[in-house]
Amino acid sequence: MTLSGIRPPELVITTPEAYGVDLATRTGCRLTLGVLVELVAGAQHEVILGAPYAQSGALSAGPLANALDAALRRGVRVDWVSTPAALPALRIRAGSAGVLRFYQPEGRLLAEPGTLGSHAKFLVVDEAHAYVGSANFTGRGFRDQLEMGLLVHGEPAREIARFWRYAIEIGLLVEVRT
């Protein structure tokens, strides 16, 4: 926290496991998976996540999946934008008080075979905190590759949430009923 009360951005990294903890410790960085789990675990109302490449092992099992399950049980709304092929990766157990909604880019953005429509990787919690970075929500993106991102607080997180809502309002992102 600075004197003005605004938290500065924090560098978030993923590296191959052999380097991760040492590199993060020596440089003062945070690890991607830990940041994402911490954010979701602290969510009170809303989680918005963008992950064009998601892997069932990363989102249906493990610490991030457990944090998402717990958030939904607490009544948190989870909105997720991804590609049609990745949407089945998130499997939340029954008994959730919260709401889980899936979104994908509108059809024209997906018209050509192999088109993602969105390559954004982000997670916003309660319009207060956001991660934006290069890591895909996959095992490799969380532990095997060199990835970088930023954890931001306050107004930048609110801007991302406003962008999200407006993209839905204008039809750039459409809800997928499952």
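This passage describes the aromatic pairs and a nonpolar surface patch in a predicted model.

A search of the whole structure found four aromatic pairs. A pair of aromatic rings is described by the distance of the centres and the angle of the planes. For Trp80 and Phe102, the ring centres lie 5.7 Å apart and the planes stand at 55°, so this pair is classed as tilted; the tilted class applies because the angle is neither under 30 degrees nor over 60. Trp80 belongs to strand S4 (residues 77–81) and Phe102 to strand S5 (residues 100–105), so the contact ties together parts of the chain that are 22 residues apart in sequence. Trp80 and Phe102 are both buried.

A tilted arrangement was also found for Phe137 and Phe142, because their ring planes meet at 50°, with the centres 5.6 Å apart. Phe137 has a relative accessible area of 0% and is therefore buried. Phe142, at 12% relative accessibility, also counts as buried, because the cut-off for burial is under 20%. In addition, Tyr103, Phe122 and Trp164 form one aromatic cluster.

Aromatic side chains also occur on the surface, where Phe163 and Tyr166 form a nonpolar patch together with Ile170 and Leu172. The accessible area of these four residues together is about 430 Å². Within this patch, Phe163 is located in helix H6 (residues 155–169). The relative accessible area of Phe163 is 56%, so this residue is classed as exposed, the cut-off being over 50%.

Note on methods:
Residues are numbered from 1 along each chain as its sequence is written. This is a predicted model: local features need pLDDT of at least 70, side-chain atom pairs count only at pLDDT 80 or more; totals for chains, interfaces and linings use all residues. Side-chain values use heavy atoms; hydrogens and water are left out. Rings of Phe, Tyr and Trp (its six-membered ring) pair if their centres lie within 6.5 Å; planes under 30 degrees apart count as stacked, over 60 as edge-to-face and the rest as tilted. Helices (H or I, at least four residues) and strands (E, at least two) are DSSP runs, numbered from the N terminus. Buried means under 20% relative accessible area, exposed over 50%, partly exposed in between (1.4 Å probe, protein chains only). Patches are made of residues with over 30% relative accessible area and no salt bridge: like charges are joined within 9 Å, nonpolar side chains (Val, Leu, Ile, Met, Phe, Trp, Tyr) within 5 Å. Accessible areas come from the Shrake-Rupley method with a 1.4 Å probe; for residues, only the protein chains shown count as cover.
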